[in-house]
Amino acid sequence: MTQTKDNVNPSEIEKFSAMASQWWDTEGNFKTLHQINPLRLNLVDKTVSLSGKDVLDVGCGGGILSESMALKGANVTGIDLGKELLDVADLHSLDSGVSVNYQHISVEALASQKPEQFDCVTCMEMLEHVPDPVAIINAVSYTHLTLPT
(Lines give C-alpha, C1' and ligand atoms only; values in the text may rest on other atoms or scores of the structure.)
Protein backbone atom coordinates (compact mmCIF):
# COMPACT_ATOMS: atom_id res chain seq x y z
CA MET A 1 0.00 0.00 0.00
CA THR A 2 1.37 3.39 -0.99
CA GLN A 3 1.63 5.90 1.84
CA THR A 4 2.35 9.60 1.70
CA LYS A 5 3.40 11.96 4.46
CA ASP A 6 -0.30 12.78 4.99
CA ASN A 7 -1.19 9.16 5.84
CA VAL A 8 -3.25 8.69 2.72
CA ASN A 9 -3.67 5.91 0.21
CA PRO A 10 -3.77 7.77 -3.14
CA SER A 11 -5.81 5.00 -4.80
CA GLU A 12 -8.54 5.47 -2.16
CA ILE A 13 -8.64 9.22 -2.82
CA GLU A 14 -8.84 8.54 -6.57
CA LYS A 15 -11.64 5.99 -6.09
CA PHE A 16 -13.84 8.32 -4.06
CA SER A 17 -12.96 11.37 -6.16
CA ALA A 18 -14.16 9.54 -9.27
CA MET A 19 -17.57 9.11 -7.59
CA ALA A 20 -17.75 12.60 -6.05
CA SER A 21 -20.56 13.79 -8.31
CA GLN A 22 -22.76 10.97 -6.96
CA TRP A 23 -22.26 11.84 -3.27
CA TRP A 24 -25.69 13.38 -2.71
CA ASP A 25 -27.61 10.86 -4.87
CA THR A 26 -29.66 8.99 -2.27
CA GLU A 27 -30.09 6.05 -4.65
CA GLY A 28 -26.50 5.95 -5.96
CA ASN A 29 -23.20 4.53 -4.72
CA PHE A 30 -23.55 6.34 -1.38
CA LYS A 31 -27.10 5.19 -0.71
CA THR A 32 -26.01 3.33 2.43
CA LEU A 33 -24.41 6.48 3.88
CA HIS A 34 -27.68 8.34 3.39
CA GLN A 35 -29.60 5.49 5.00
CA ILE A 36 -27.39 5.26 8.10
CA ASN A 37 -26.86 9.00 8.49
CA PRO A 38 -29.88 9.56 10.78
CA LEU A 39 -28.55 6.81 13.08
CA ARG A 40 -25.05 8.31 13.14
CA LEU A 41 -26.42 11.80 13.70
CA ASN A 42 -28.71 10.72 16.53
CA LEU A 43 -25.90 8.81 18.25
CA VAL A 44 -23.56 11.81 18.12
CA ASP A 45 -26.28 14.27 19.19
CA LYS A 46 -27.40 12.04 22.05
CA THR A 47 -23.80 11.68 23.22
CA VAL A 48 -22.70 15.34 23.07
CA SER A 49 -25.79 17.47 22.38
CA LEU A 50 -24.53 19.12 19.18
CA SER A 51 -26.20 22.51 19.55
CA GLY A 52 -23.54 25.18 20.03
CA LYS A 53 -20.64 22.72 19.95
CA ASP A 54 -17.52 23.09 17.81
CA VAL A 55 -17.36 19.84 15.85
CA LEU A 56 -14.67 18.37 13.61
CA ASP A 57 -15.76 15.81 11.00
CA VAL A 58 -12.64 13.94 9.87
CA GLY A 59 -12.92 12.36 6.43
CA CYS A 60 -16.15 14.25 5.78
CA GLY A 61 -16.33 13.32 2.10
CA GLY A 62 -19.16 15.20 0.42
CA GLY A 63 -20.56 16.42 3.74
CA ILE A 64 -23.59 14.23 4.51
CA LEU A 65 -22.90 14.01 8.25
CA SER A 66 -21.29 17.46 8.42
CA GLU A 67 -24.41 19.20 7.11
CA SER A 68 -26.67 17.15 9.37
CA MET A 69 -24.66 18.13 12.45
CA ALA A 70 -24.73 21.79 11.38
CA LEU A 71 -28.53 21.56 11.09
CA LYS A 72 -28.54 20.43 14.74
CA GLY A 73 -26.81 23.70 15.64
CA ALA A 74 -23.16 22.63 15.67
CA ASN A 75 -20.34 24.78 14.30
CA VAL A 76 -18.88 22.16 11.96
CA THR A 77 -15.48 21.94 10.33
CA GLY A 78 -15.30 19.13 7.80
CA ILE A 79 -11.91 17.97 6.57
CA ASP A 80 -10.95 15.56 3.82
CA LEU A 81 -8.00 14.92 1.52
CA GLY A 82 -10.27 14.42 -1.50
CA LYS A 83 -10.44 17.86 -3.14
CA GLU A 84 -13.25 16.79 -5.48
CA LEU A 85 -15.29 15.60 -2.51
CA LEU A 86 -14.84 18.93 -0.76
CA ASP A 87 -15.89 20.74 -3.93
CA VAL A 88 -19.12 18.70 -3.93
CA ALA A 89 -19.60 19.42 -0.21
CA ASP A 90 -19.11 23.16 -0.77
CA LEU A 91 -21.56 23.21 -3.67
CA HIS A 92 -24.19 21.28 -1.73
CA SER A 93 -23.71 23.57 1.28
CA LEU A 94 -24.32 26.60 -0.93
CA ASP A 95 -27.41 24.97 -2.42
CA SER A 96 -28.83 23.84 0.93
CA GLY A 97 -27.89 27.01 2.80
CA VAL A 98 -26.24 24.97 5.56
CA SER A 99 -22.98 26.53 6.74
CA VAL A 100 -20.02 24.16 7.14
CA ASN A 101 -16.33 25.11 7.14
CA TYR A 102 -14.79 22.62 4.69
CA GLN A 103 -11.00 22.35 4.56
CA HIS A 104 -8.60 20.34 2.42
CA ILE A 105 -6.20 19.29 5.18
CA SER A 106 -5.12 16.13 6.97
CA VAL A 107 -6.16 15.63 10.58
CA GLU A 108 -2.49 15.33 11.50
CA ALA A 109 -1.77 18.80 10.05
CA LEU A 110 -4.90 20.28 11.63
CA ALA A 111 -3.98 18.81 15.02
CA SER A 112 -0.62 20.57 14.93
CA GLN A 113 -2.28 23.87 13.92
CA LYS A 114 -5.32 23.76 16.22
CA PRO A 115 -4.82 21.53 19.24
CA GLU A 116 -7.74 21.21 21.65
CA GLN A 117 -10.11 23.27 19.49
CA PHE A 118 -13.12 20.97 19.17
CA ASP A 119 -15.80 19.82 21.60
CA CYS A 120 -16.57 16.78 19.48
CA VAL A 121 -14.71 14.89 16.75
CA THR A 122 -16.33 12.42 14.38
CA CYS A 123 -14.47 10.06 12.07
CA MET A 124 -16.99 7.82 10.35
CA GLU A 125 -16.29 5.15 7.72
CA MET A 126 -12.78 6.47 7.17
CA LEU A 127 -10.17 4.55 9.17
CA GLU A 128 -10.31 1.53 6.87
CA HIS A 129 -9.12 3.74 3.99
CA VAL A 130 -5.82 4.95 5.49
CA PRO A 131 -2.46 3.19 5.84
CA ASP A 132 -2.03 4.10 9.53
CA PRO A 133 -5.36 4.31 11.41
CA VAL A 134 -3.58 4.70 14.76
CA ALA A 135 -2.00 7.95 13.55
CA ILE A 136 -5.48 9.28 12.78
CA ILE A 137 -6.72 8.34 16.25
CA ASN A 138 -3.69 9.98 17.85
CA ALA A 139 -4.20 13.17 15.84
CA VAL A 140 -7.90 13.24 16.70
CA SER A 141 -7.04 13.08 20.39
CA TYR A 142 -4.96 16.27 20.00
CA THR A 143 -7.80 18.18 18.31
CA HIS A 144 -10.38 17.31 20.95
CA LEU A 145 -11.06 19.69 23.78
CA THR A 146 -11.57 17.82 27.02
CA LEU A 147 -14.80 19.00 28.56
CA PRO A 148 -15.36 18.99 32.32
CA THR A 149 -17.52 16.12 33.52
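In helix H4, the buried residues (under 20% relative accessible area, 1.4 Å probe, protein chains only) are Leu 85, Leu 86, Val 88, Ala 89 and Ser 93. Viewed down the H4 axis, they fall within an arc of 155°, so they line one face of the helix. That arc is taken from the directions from the helix axis to the C-beta atoms. An α-helix has 3.6 residues a turn, so residues three or four places apart point the same way.

The model is predicted: local features need pLDDT of at least 70, side-chain atom pairs count only at pLDDT 80 or more, and totals for chains, interfaces and linings use all residues. Residues are numbered from 1 along each chain as its sequence is written, and side-chain values use heavy atoms, with hydrogens and water left out.

On the other side of H4, Leu 91, Leu 94 and Asp 95 are exposed (over 50%; partly exposed lies in between). H4 covers residues 83–96, 14 in number, and reaches 20 Å from first C-alpha to last, close to the 20 Å expected at 1.5 Å a residue. The expected span is 1.5 Å times one less than the number of residues. Just after H4, Gly 97 takes a positive phi of about 80°.

Several elements cover the buried residues of H4, including those tabulated here. Helices (H or I, at least four residues) and strands (E, at least two) are DSSP runs, numbered from the N terminus.

| Element | Residues |
|---|---|
| Helix H1 | 10–18 |
| Helix H3 | 64–71 |
| Strand E2 | 75–80 |
| Strand E3 | 101–104 |

The largest nonpolar core has 16 residues. Such a core is a set of buried Ala, Val, Leu, Ile, Met, Phe, Trp, Tyr and Cys residues joined through side-chain atoms within 4.5 Å. Leu 50, Val 55, Met 69, Ala 74, Val 76, Val 100 and Tyr 102 touch the most other members. Helix H2 (31–48), H3 and H4 each give two or more residues to this core. H3 gives the most, with 3 residues. A second, separate core of 10 residues includes Leu 56, Val 121, Met 126 and Val 130.

Aromatic rings pair too. Rings of Phe, Tyr and Trp (its six-membered ring) pair if their centres lie within 6.5 Å; planes under 30 degrees apart are stacked, over 60 edge-to-face, the rest tilted. The count is 2 aromatic pairs. Trp 23 and Phe 30 form a tilted one, 4.0 Å centre to centre with 40° between the planes. Both Trp 23 and Phe 30 are buried. Ring pairs link Phe 16, Trp 23 and Phe 30 into a cluster.

Notes: Contact = heavy atoms within 4.5 Å.
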